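This report walks through selected side-chain and strand contacts in one protein model. Please keep the sequence and the structure at hand while reading.

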Amino acid sequence: GISYHNGPIMTGTTNVYYIWYGNWTNNTATTILTDLMRSFTGSPLFNTNTTYYDKTGTRVMNSVNFVQSISDNYSLGSSLTDANVATIVQNAILNGSLPKDTKGVYFVLTSADVKETSGFGSKYCGWHTYGTLAGSNIKYSFVGDASTQAPSGCIALTASAAPNGNLGADGMASVIFHELSEAVTDPNLNAWYDSRGAENADKCAWVFGTNYTTSTGKTANVRLGARDYLIQQNWVNAGTGYCSLSY
C-alpha cells in the first residue's frame, strides 16, 4: 500500500506551465504534449489521483488547467544540473514570462540534445520537486526527450509503434503523467509515499496493462481527447490499492 505522512497535497484545480527548453523548431511534440495536458481534466486516468487526500479530508481534484507555455533557447546551455532546472523556472517567473503560481506545476521539457547531468536516462526519466523560487513555494518538474540519449531506458515503444509518430514525445507523455500525478499527491515530498519512499506513480512505473493497436497500426493503451497514448498506470489508493488507468 501507500501511506500518508501529513504533508499537503495540491487542492483545487492544478495549473500547468510548460517551458520548452532547447530546440523544438518544427517538432510535433509541442502540439502532442499540449494536447495531452489539456485532456487530463475529467479523465478516468487523472481521476486515479482523487483517491489521495490531506489531513482535512480534502482530495485532489480531477481538474488540470494548462495555462501557458514559453520557449527557452538554451539560456543555460545544453548540459543542465538539477540547480539549473530550478534556475530556468525561477528566471521565467522573475522576467515575467510566466506568472508566479503556488497552485501550479512548471515543467521544464528539454529537447533531445539537452543533457541533465544528475542521471537523465541512467537513473531517471523525469523528476519533480519543489523549492523557494522567486520567494514562494513553487512546484516544478524535469522531463527530457530521451529518443537519442536513452530510448531503451525511458521509452516503452519503438519508433514504428509510437502512436503519435514522434518517439520522443510519445515517450515523454507517460513520464509527464507520472510526474504530474506525484506532484499533486506529494508536492512537498512529505505527503503520500510507501515504506520504500515510492510515490503513487513510482509504484506502477512501467506497468501499462493491456495495449491496443490504433487505426494507424501503432501501439497505445489509453485515448485522451483526440489522441492515443501509451501511458503507465497509476496507483489507486482504494481498498488495498492497485495499479490502473482509471478510477
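## A lysine over a tryptophan ring

In this predicted model, K203 lies over the face of W235, at 4.5 Å from the ring centre. The lysine also takes part in a salt bridge with D194, in which the closest N and O atoms are 3.0 Å apart. Both K203 and D194 are buried, and through salt bridges that share partners, D194, R196 and K203 are joined into one network.

Within that network, D194 forms a salt bridge with R196 as well, the closest N and O atoms here being 3.7 Å apart. The two ends of this bridge fall into opposite classes of accessibility: D194 has a relative accessibility of 5% and therefore counts as buried, whereas R196, at 71%, counts as exposed.

## The start of the chain beside W235

Which residues does I2 contact, once its neighbours within four places in sequence are left aside? They are Y52, W192, Y193, D194, A198, E199, N200, K203, W235 and N237, a list that includes K203 and D194, the partners of the salt bridge at 3.0 Å. I2 itself is placed in the segment before β1 (3-4), and because its relative accessibility is 12%, below the 20% limit, I2 counts as buried.

The contact with W235 brings together residues that are 233 places apart along the chain, their C-alpha atoms being separated by 8.7 Å.

## Salt bridges across the sequence

Opposite charges on side chains can pair when the charged atoms come close. The count of salt bridges in the model comes to four, and one of them is formed by the side chains of R227 and D35, with an N to O distance of 2.8 Å. This pair links distant parts of the chain, since R227 belongs to strand β13 (residues 227-229) and D35 to helix α1, 192 residues apart. R227 counts as partly exposed at 21% relative accessibility, and D35 counts as partly exposed at 29%.

## Aromatic pairs

The model holds 17 aromatic pairs. One of them is the stacked pair of Y17 and Y106, with 4.7 Å from centre to centre and 15° between the planes; Y17 sits in strand β2 (residues 14-21) and Y106 in strand β5, so that the pair links parts of the chain 89 residues apart. Y17 and Y106 are both buried.

A second example is the pair of Y53 and W192, which is edge-to-face, with 5.1 Å between the centres and 80° between the planes. Because Y53 lies in the loop between α1 (29-38) and β3 (64-72) while W192 lies in strand β9 (residues 192-193), this pair ties together parts that are 139 residues apart in sequence. Y53 is partly exposed, with a relative accessible area of 31%, whereas W192 is buried, with a relative accessible area of 2%. Elsewhere, Y18, W20, W24, F66 and F107 form one aromatic cluster.

## The nonpolar core around F107

The largest nonpolar core has 75 residues, of which Y18, L33, M37, F40, F107 and L180 touch the most other members. Helix α4 (residues 167-185) supplies the largest share of this core, with 10 residues.

F107 appears both in the aromatic cluster and among the residues that touch the most other core members. When residues up to four places away in sequence are not counted, F107 touches V16, Y17, Y18, I19, M37, S141, V143, I176, E179 and L180, among them Y17, the stacking partner of Y106.

## Strand β8 and its neighbours

Is strand β8 largely enclosed or open? Eight of the nine residues of β8 (residues 136-144) are buried, so the strand is largely enclosed by the rest of the structure. Strand β5 (residues 104-110) runs parallel to β8 and is joined to it by six bridges, with F142 as the bridge partner of V108.

Strand β7 (residues 126-133), by contrast, runs antiparallel to β8, and eight bridges join the two; here the bridge partner of H128 in β8 is S141, a residue that F107 also touches. The hairpin of β7 and β8 has two residues between the strands, and A134 takes a positive phi near 55° in this hairpin.

Note on methods
Residues are numbered from 1 along each chain as its sequence is written. This is a predicted model: local features need pLDDT of at least 70, side-chain atom pairs count only at pLDDT 80 or more; totals for chains, interfaces and linings use all residues. Side-chain values use heavy atoms; hydrogens and water are left out. Buried means under 20% relative accessible area, exposed over 50%, partly exposed in between (1.4 Å probe, protein chains only). Helices (H or I, at least four residues) and strands (E, at least two) are DSSP runs, numbered from the N terminus. Two strands pair if DSSP finds at least two bridges between them. Rings of Phe, Tyr and Trp (its six-membered ring) pair if their centres lie within 6.5 Å; planes under 30 degrees apart count as stacked, over 60 as edge-to-face and the rest as tilted. A charge sits over a ring if NZ of Lys or CZ of Arg is within 6 Å of the ring centre and within 35 degrees of the ring normal. A nonpolar core is a set of buried Ala, Val, Leu, Ile, Met, Phe, Trp, Tyr and Cys residues joined through side-chain atoms within 4.5 Å. Contact means heavy atoms within 4.5 Å.
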